[in-house]
Amino acid sequence: MSGKPRLHYFNGRGRMETIRWLLAAAGVEVCFWSFVLRSYGSLLFQQVPMVEIDGMKLVQTRAIANYISTKYNLYGKDMKERALIDMYVEGMFDLNELLMTYEIQPADKKQEHFANMMDKAENRYFPVFEKVLKGHGKDFLVGNQLSRADVQLLEIILMVEEWKPDIFAKFPLLQSFKARLSNIPTIKKFLQPGSQRKPPSDDDVVDKVMKIFYS
């Protein structure tokens, strides 16, 4: 196995989107393969996402993200920076789980779920990252270079803005952070139409997800 990493997933965001973001930030071109592997024994735990890279077939989102971040220098310069990155990223994964699962909620649960995830975003998670940026006065969350924490935070910021565009009115440093990171050349390219970035899921994608993962 050589050449571009191969990404195996359905044609939507889900748990693969963070991996797409990290690879894009690193300037890595990828191949996308449709989700057809469950019956072929290629999936270690019979779950996607799976990424074929460097002769390996990696599964489990965090394991894949850890490997990509280490390989492409998005994981800090030492153990202390890595610990901070891990701490921030785990919080982001918690919030991202709420965001990802909103679209698959039953109709009678959606309003409650939406209110909960927006409350947590606005009052638990985003104040933390605003405070971190204010505390050290640098352009990035950890140290003074781009890390996976920055990439994953930008991903979440843009996702939340799709639902509530004015949510960042009281977070000026996160607004500046978003503008700054969106102009990094590799990320700017990923944000352009026609990239590997996936749009919000429509009803067809949600139906497919439900059939694949929950039937």
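Let me start with serine 147: outside its neighbours within four places in sequence, it is in contact with Leu74 and Ile85. Bear in mind that this is a predicted model. Serine 147 sits in the loop between helix H4, residues 107–136, and helix H5, residues 148–163. Is serine 147 buried or exposed? Its relative accessibility is 2%, and buried means under 20%, so serine 147 counts as buried.

While we are at that end of the loop, look at arginine 148. The charged end of arginine 148 sits over the ring of tyrosine 75, at 5.2 Å from the ring centre. There is another arginine placed over a ring: arginine 62 lies over the face of phenylalanine 93, and here the figure is 4.2 Å from the ring centre.

Now the aromatic pairs. The count comes to 7. Take phenylalanine 126 and phenylalanine 171. The centres of their rings are 6.3 Å apart and the planes meet at 65°; planes over 60 degrees apart count as edge-to-face, so that is what this pair is. Which parts of the chain does the pair link? Phenylalanine 126 belongs to helix H4, while phenylalanine 171 is in the loop between H5 and helix H6, residues 172–182. The two are 45 residues apart, and the pair links distant parts of the chain.

Both rings are out of the way of solvent by the same cut-off of under 20%. Phenylalanine 126 has a relative accessible area of 0%, so it is buried. Phenylalanine 171 comes out at 5%, so it counts as buried too.

Phenylalanine 171 also forms an aromatic pair with phenylalanine 168. That pair is edge-to-face, with 6.3 Å from centre to centre and 65° between the planes. Phenylalanine 168 is buried, as is phenylalanine 171.

Elsewhere, Tyr102, Phe114 and Trp163 form one aromatic cluster.

Last item, the second largest pocket. How much space lies in it? About 300 Å³. Its lining is made up of 14 residues, and those nearest the centre are Ala24, Val28, Glu29, Lys189 and Gln196. By type, the lining divides into 6 nonpolar, 5 polar and 3 charged residues. Which helices each supply at least two residues of that lining? Helix H1, residues 17–25, and helix H7, residues 185–190, each do so.

To recap two points: serine 147 is buried in the loop between H4 and H5, and phenylalanine 171 pairs edge-to-face with phenylalanine 126 and with phenylalanine 168. That is what I have.

Note on methods:
Residues numbered from 1 in each chain as written. Predicted model: local features only at pLDDT ≥ 70, side-chain atom pairs only at ≥ 80, totals over all residues. Heavy atoms only, no water. Helix = DSSP H or I, 4+ residues; strand = E, 2+ residues; numbered from the N terminus. Buried < 20%, exposed > 50% of the residue type's maximum accessible area, 1.4 Å probe, protein only. Contact = heavy atoms within 4.5 Å. 1 Å grid on protein atoms, 1.4 Å probe; cavity = no way out; pocket = protein on both sides within 12 Å on 5 of 7 lines; lining within 4 Å. Points joined across faces, edges and corners; volume = space filled by probe spheres on them. Nonpolar A, V, L, I, M, F, W, Y, C, P; charged D, E, K, R; others polar. Phe/Tyr/Trp six-rings, centres within 6.5 Å; stacked < 30°, edge-to-face > 60°. Lys NZ or Arg CZ within 6 Å of the ring centre and 35° of its normal.
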